[in-house]
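Here's a quick briefing to read alongside the model. Have the viewer open and click along as the topics come up.

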Amino acid sequence: MEKFLTPNSIFFSKQTWLLLVLFFIVRIGSFFLQPHLITQGAIIIILILLLCVLYFKNPDWAWYIVLSEILLGGAGHYLELGGLSLRTLLIGSFLFLWLSHQLNQQILGKRLNINPTVNYLMAFFAIIVLFAAGNGLAHEHLTKYIIADIMPFVFFLLLFPSTYLFEDIKAQEFLTRLLSVFVIGTAIFSLFTFTMFSTGISELQDPFYKWYRDVDAGKITDIGSNFYRVVEPGHLLVVPLILLITSLLMRDEKHNKMWRILRWFLILILVLNLSRGYFLALIVGLLVLKYKHHWHKWLRESLAVILLVGIIFSGICLIASQGKTMGWEQFGIRLTSLVKPRIEVSSATRMITLPVIWGVIAKQPILGVGLGNSITFYNPITYQTQTAPHSDWGYLDMWAELGLLGALAFVGLYIFTIYLLVKKIKNIPDWHDFDVGLLAGLIAFLVMNITAAALFHVFGVFFLIFTLSIAAKYTAIFDKTTQLLYRVFNRLKV
């Protein structure tokens, strides 16, 4: 009897199909409920009450609701109440319930003591974020921009409950199903959106486009030959998940076919997104996967990823253009624009904002100008003056808002998590494939942040929290075990 790395039951259950149905219901519902703010508010109140009731029944169930909203709720603005998103209200309510419960059980101190260094880093970074928020107010930035910038940092508080709630086997299985639904649902929705515009059923500036841009926070761009780039915030997780699955497929075990199917879906999303930063992050991440893997398995799976990208991209371009082109000229232009940005519109626009963001940094290079900063620039391509909340230069945006000290502290959190992961891989090697995949995912985020707000986006913070909760917990256990063995060894020696 063949022993699989993961049984089918982890991927498929009634729960999986219900989550997949829910994935599309929330999008369809959001589209039709967009003008009905009272109805949105009523639904949010019901969901918050449900969260509270479920928490007192079983905190894990409330945790499942929070995870489901993060992975199924797009950018988090499908439903809003008083200008606050459902995501913000659910996470705020969950954290309040969790903290109250821990205080009532008198175990809050224990639950907050994950790893001494992590605690110090988190406390230090919290001070920096609060200062940056106050600094933003002092510089008279718009309050809505300050709130939007501070919310991803608030999600760092989920690190403490997630460290303990992810221990449960049922929670791990639920997360696997949820991620599977996220991948499949996102791929289907991206392909649906691409088809709507490629066939002319939808057009730029029609109601669906405006909902996709304003509520789903996505982008749809015509790059020629009936190929439309389809971009969503949730796509930030695509490259890290490709790397994680590819790392698992390098393991010496019989693999469930579902891993390969999920990788196909992920590469479909990546191809429709067609972001240069994502492809660069993928290449760097694949190189990282060589760590602790045999070269022939690494080469086989890495080439499989590259081959799938080529096949899926060519196939979509051939269908969209009715057999006229395989699309490699558009792909070549986008890759060439990495070194010659002025040959492509989005790259040229990004270069226009570069001196503007440098000017902002020059005003306050050490302390920054605070959260909520926006940039205004004249675009000679569109002949318009534009205002944007970010410049699409991830590290420079961090420097401008948090200052040099804050930006270094934030990057330091990622570097410290990488250090803990490497330490875990070296000392607890049983599941190094999973850990190396997480390691490659973190480095991919660092690469994507060059031209996108990847690190301080909700999905960047979510991936960091998940990885840090694993790395900090197990390295802490290892450290205690090592100290105990060291003491026993010394006593025996005496």
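A residue counts as buried when its relative accessible area is under 20%, as exposed when it is over 50%, and as partly exposed in between. By that yardstick, 53% of the 494 residues in this protein are buried. Keep in mind that this is a predicted model.

**The big picture**

- The protein has 20 helices and 6 strands.
- About 23,500 Å² of the protein is exposed, and 69% of that comes from carbon and sulfur atoms.
- Take the contacts with a separation of 6 or more: 75% of them are between residues 24 or more positions apart.

**Nonpolar cores**

- In soluble globular proteins, nonpolar side chains tend to be buried together.
- Here the largest nonpolar core has 145 residues. The residues with the most contacts inside that core are Phe94, Phe153, Phe156, Leu270, Leu371, Phe410 and Leu455.
- Another core, of 11 residues, lies apart from it; Ile352, Val369, Phe377 and Trp393 are among its members.
- What does phenylalanine 153 touch once neighbours within four places in sequence are set aside? Its contacts are Phe125, Val129, Leu371, Leu402, Phe410 and Phe456.

**Three helices to click through**

- Helix H5 covers residues 86–104, which makes 19 residues. From first C-alpha to last it reaches 27 Å, close to the 27 Å expected at 1.5 Å a residue.
- Buried residues in H5 include Leu86, Leu89, Leu90, Phe94, Leu97 and Trp98, but also Arg87, Thr88, Ser93 and Gln102. Phe94 is also on the list of residues with the most contacts inside the largest nonpolar core.
- Helix H8 (residues 143–154) has 12 residues, so at 1.5 Å a residue it should span 16 Å; its end C-alpha atoms are indeed 16 Å apart.
- The buried residues of H8 are Ile146, Asp149, Ile150, Met151, Pro152 and Phe153.
- Helix H14 runs over residues 276–288 and has 13 residues. Its reach from first C-alpha to last is 19 Å, close to the expected 18 Å.
- In H14, the buried set is Arg276, Gly277, Tyr278, Phe279, Ala281, Leu282, Gly285, Leu286 and Val288.

**The E3–E4 hairpin**

- Strands E3 (residues 219–222) and E4 run antiparallel and are joined by 4 bridges. Aspartate 222 has tyrosine 228, in E4, as its bridge partner.
- Which faces of strand E4 (residues 228–231) are covered? Both are: Tyr228 and Val230 are buried on one side, and Arg229 and Val231 are buried on the other.
- The hairpin leaves 5 residues between E3 and E4, and glycine 224 in the turn has a positive phi of about 105°.
- Serine 225 sits in the loop between E3 and E4. Its phi is near 55°, a positive value in a residue other than glycine.
- Is serine 225 buried, partly exposed or exposed? Its relative accessibility is 37%, so serine 225 counts as partly exposed.

**Another positive phi**

- Glutamine 322 has a phi near 60°, again positive in a residue other than glycine.
- Look for glutamine 322 in the loop between helix H15 (295–320) and helix H16 (328–336).
- With a relative accessibility of 67%, glutamine 322 counts as exposed.

**Cysteines**

- How many disulfides turn up in a search of the whole structure? The count is 0.
- Cysteine 317 lies in helix H15 and has a relative accessible area of 5%, so it is buried.
- Not counting residues up to four places away in sequence, cysteine 317 touches Phe227, Thr325, Met326 and Gly327.
- Cysteine 317 and asparagine 226 are 91 residues apart in sequence, yet their C-alpha atoms are 8.0 Å apart in space.
- Cysteine 52 has 23% relative accessibility, so it counts as partly exposed.

**A lysine on the outside**

- Lysine 170 lies in helix H10 (residues 169–198).
- With a relative accessible area of 61%, lysine 170 is exposed.
- Lysine 170 and aspartate 60 are 110 residues apart in sequence and 9.1 Å apart in space, C-alpha to C-alpha.

How values were computed. Residues numbered from 1 in each chain as written. Predicted model: local features only at pLDDT ≥ 70, side-chain atom pairs only at ≥ 80, totals over all residues. Heavy atoms only, no water. Buried < 20%, exposed > 50% of the residue type's maximum accessible area, 1.4 Å probe, protein only. Helix = DSSP H or I, 4+ residues; strand = E, 2+ residues; numbered from the N terminus. Pairing = 2+ DSSP bridges. Core = buried A, V, L, I, M, F, W, Y, C linked by side-chain atoms within 4.5 Å. Contact = heavy atoms within 4.5 Å. Expected span 1.5 Å × (residues − 1). Areas by Shrake-Rupley, 256 points an atom, 1.4 Å probe, with all protein chains shown as cover. Disulfide = S-S within 2.5 Å.
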